[in-house]
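Visitor: Please take me through this model one feature at a time, giving the general idea first and then the case at hand.

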Amino acid sequence: YKLLFTKDTSREVFGEECITKDMSEYAAIALQLIHERFVEKENSFWAPYIGVLPSVDEVGASFAWDKEELDTLLAGSPLRNMSYFLQDQINQEFSDIQEGIIAKFPEKFPADAFTLENYVWAYSVLFSRAVRLDFPDQEDFEEDIVALVPYIDLINHNPNSESRIRGVSEGPNIPGISKPERSVVVRSDRYFNKYEQIYISYGRKSNAQLLMLYGFSMERNTQDFVTFSTGQLLENSPFSEVKKRILDELEVPREGVFPLYRDRFTGEMMMFLRLAVVQPEDIDMDEDADEKEVYKALKQLDIKRATGEVSERRALICLRGVVQDLQDAYPTTLQEDEALIRDRQMFELLPRNQRNALRVRYGEKLIIRASLATIDRVLNNLSRLKQMEVQEEKQRREMENSALGRLSVAFDSPFKARNLEELMKELDI
């Protein structure tokens with residue numbers, strides 16, 4: 001545990017007056033990384049470890065790319081704006097630390113060492129290597145610890161790996177006398193042969209997230225998705241404030257930012273869309289109706305499943321428009337990217353950042369194309385949803401008037417699907 005970089009080790013170096021309780025763990029560790037590499041240098045206890053850490057360019061995370069690379073390599077991709085946003089956050093954080101801490105303690109933070117360039121380097125190391133650890137002896141109110149763990153941070157990513165990094169505590173916990181000794185272990189998901197590479201999973205990360213934080217992308221990422229926003233649909237819809245309240249109660253993000261997968265639509269996204277497209281006439285109210293009455297009416301709607309052809313068609317048409325806008329934003333087509341990737345000799349000659357950006361864009365376009373095809377297929381078969389409702393109601397009335405109905409014997413509908421999600425499965429969408 002003594003080998004780890006944590007907020008506590010940073011506080012030991014700089015003191016509590018610098019590493020305050022409110023400072024983020026990432027910022028605290030970033031400051032210590034700069035201190036060990038650019039101030040202590042070869043005298044640092046961590047010098048052997050610091051010496052093998054990669055540079056910003058060697059990591060290759062897109063949040064650290066320059067403007068030209070972001071605007072050309074990621075044109076049209078949501079990753080471009082995500083990278084700019086993260087850049088701005090880091091720049092602002094460093095500016096705040098400069099003003100609030102570095103300027104007050106110049107003897108602890110030499111100006112030639114604590115620069116924005118070095119701060120970005122520290123964050124490129126943290127984003128690509130830091131882990132969260134949960135130790136058994138932590139108090140219930142304590143959150144997981146962010147840490148850099150030498151050697152373990154060399155393990156590469158495989159989305160299918162179930163190997164895990166764990167915090168371990170051994171020994172008695174006697175207040176004022178002794179504390180459990182902490183260590184970090186990797187528990188593998190299977191037996192490994194000698195010299196066989198061990199992998200862990202960095203989590204369910206899209207290629208965009210992997211490139212933005214870790215500096216790589218995968219040719220076959222089974223967890224890939226496109227992050228996109230439908231928030232403007234809610235902002236421009238009637239009763240938007242009441243709808244936001246209902247979304248909060250359902251724990252659906254009111255910002256309308258969702259992952260778009262190649263093989264499915266998330267339940268949260270569909271709930272958001274169904275609520276966003278509700279019009280005053282759907283609940284027999286005027287736009288200036290009392291908020292309490294609007295809330296009561298909207299709460300009675302079942303937005304967790306498709307309950308009507310008109311409203312579901314409206315939601316899917318809005319979704320299609322947003323996804324189509326995503327596709328139209330790219331300056332190149334799916335076919336053009338695919339041709340370049342399939343030309344392996346040419347592809348391997350491209351600079352690493354360009355190869356990674358190409359994989360990200362290509363994966364996003366595959367997801368968008370599949371999503372548009374799915375939406376079109378559902379829209380073309382949506383009339384079956386109304387047929388299901390009519391047939392079910394007809395059989396219910398016939399059953400009520402039959403001898404079995406009077407005995408409360410249930411009937412089986414000839415349609416297997418009961419809602420849109422089941423209909424999609426039945427149609428093999």
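**Reading the features**

Guide: Arg 313 is partly exposed, with a relative accessible area of 26%, where buried means under 20% relative accessible area, exposed means over 50%, and partly exposed lies in between (1.4 Å probe, protein chains only). This is a predicted model, in which local features need pLDDT of at least 70 and side-chain atom pairs count only at pLDDT 80 or more, while totals for chains, interfaces and linings use all residues. Residues are numbered from 1 along each chain as its sequence is written, and side-chain values use heavy atoms, with hydrogens and water left out.

Visitor: With which residue does Arg 313 form a salt bridge?

Guide: A salt bridge is a side-chain nitrogen of Lys or Arg within 4 Å of a carboxyl oxygen of Asp or Glu. The partner of Arg 313 is Glu 309, with the closest N and O atoms 3.1 Å apart. Both residues belong to helix H13 (residues 309-328), where a separation of four residues is about one turn of the helix; helices (H or I, at least four residues) and strands (E, at least two) are DSSP runs numbered from the N terminus.

Visitor: How far apart are Arg 11 and Asp 8 along helix H1?

Guide: They are three residues apart in helix H1 (residues 7-14), and therefore separated by about one helical turn. Their closest N and O atoms are 3.3 Å apart in a salt bridge. Arg 11 is partly exposed at 22% relative accessible area, and Asp 8 is also partly exposed, at 42%.

Visitor: Which parts does the salt bridge of Arg 361 and Asp 337 tie together?

Guide: The side chains of Arg 361 and Asp 337 meet in a salt bridge with an N to O distance of 3.3 Å. Because Arg 361 lies in helix H16 and Asp 337 in helix H14 (residues 334-342), the pair ties together parts that are 24 residues apart in sequence. Arg 361 counts as buried at 11% relative accessibility, and Asp 337 counts as buried at 3%.

Visitor: How many salt bridges does the count come to?

Guide: The count comes to 22 salt bridges by this rule. In addition to the pairs above, Lys 67, Asp 71 and Arg 80 are linked in a network of salt bridges.

Visitor: What span should helix H16 have, and how far apart are its end C-alpha atoms?

Guide: The expected span of a helix is 1.5 Å times one less than its number of residues. Helix H16 (residues 352-381) has 30 residues and should therefore span 44 Å, which agrees with the 44 Å between its end C-alpha atoms. H16 is mostly covered, with 22 of its 30 residues buried. Helix H6 (residues 78-102), with 25 residues, reaches 35 Å from its first C-alpha to its last, close to the expected 36 Å. The buried residues of H6 include Leu 86, Ile 90, Phe 94, Ile 97 and Ile 101.

Visitor: What sign does phi have in most residues other than glycine?

Guide: Most residues other than glycine have a negative phi. Lys 41, which is not a glycine, nevertheless has a positive phi near 55°. Lys 41 sits in the loop between helix H2 (25-40) and helix H3 (47-50), and is partly exposed at 49% relative accessible area. Asp 284 likewise has a positive phi, of about 55°, without being a glycine. Asp 284 is found in the loop between H11 and H12, and is exposed at 71% relative accessible area.

Visitor: What charge gathers in the surface patch of Glu 281, Asp 286, Glu 287 and Asp 288?

Guide: A charge patch is made of residues with over 30% relative accessible area and no salt bridge, like charges being joined within 9 Å. Lys and Arg count as positive and Asp and Glu as negative, with His and the chain ends not counted; the place of a charge is NZ of Lys, CZ of Arg, CG of Asp or CD of Glu. Glu 281, Asp 286, Glu 287 and Asp 288 gather in a patch of negative charge on the surface. Glu 287 lies in the loop between helix H11 (267-276) and helix H12 (291-299), and counts as exposed at 61% relative accessibility.

Visitor: How far apart in space are Ala 130 and Leu 148?

Guide: Ala 130 and Leu 148 are 18 residues apart in sequence and 4.7 Å apart in space, C-alpha to C-alpha. Ala 130 is in the loop between helix H7 (116-129) and strand E1 (131-133), and counts as buried at 18% relative accessibility.

Methods. Patches are made of residues with over 30% relative accessible area and no salt bridge: like charges are joined within 9 Å, nonpolar side chains (Val, Leu, Ile, Met, Phe, Trp, Tyr) within 5 Å. Accessible areas come from the Shrake-Rupley method with a 1.4 Å probe; for residues, only the protein chains shown count as cover.
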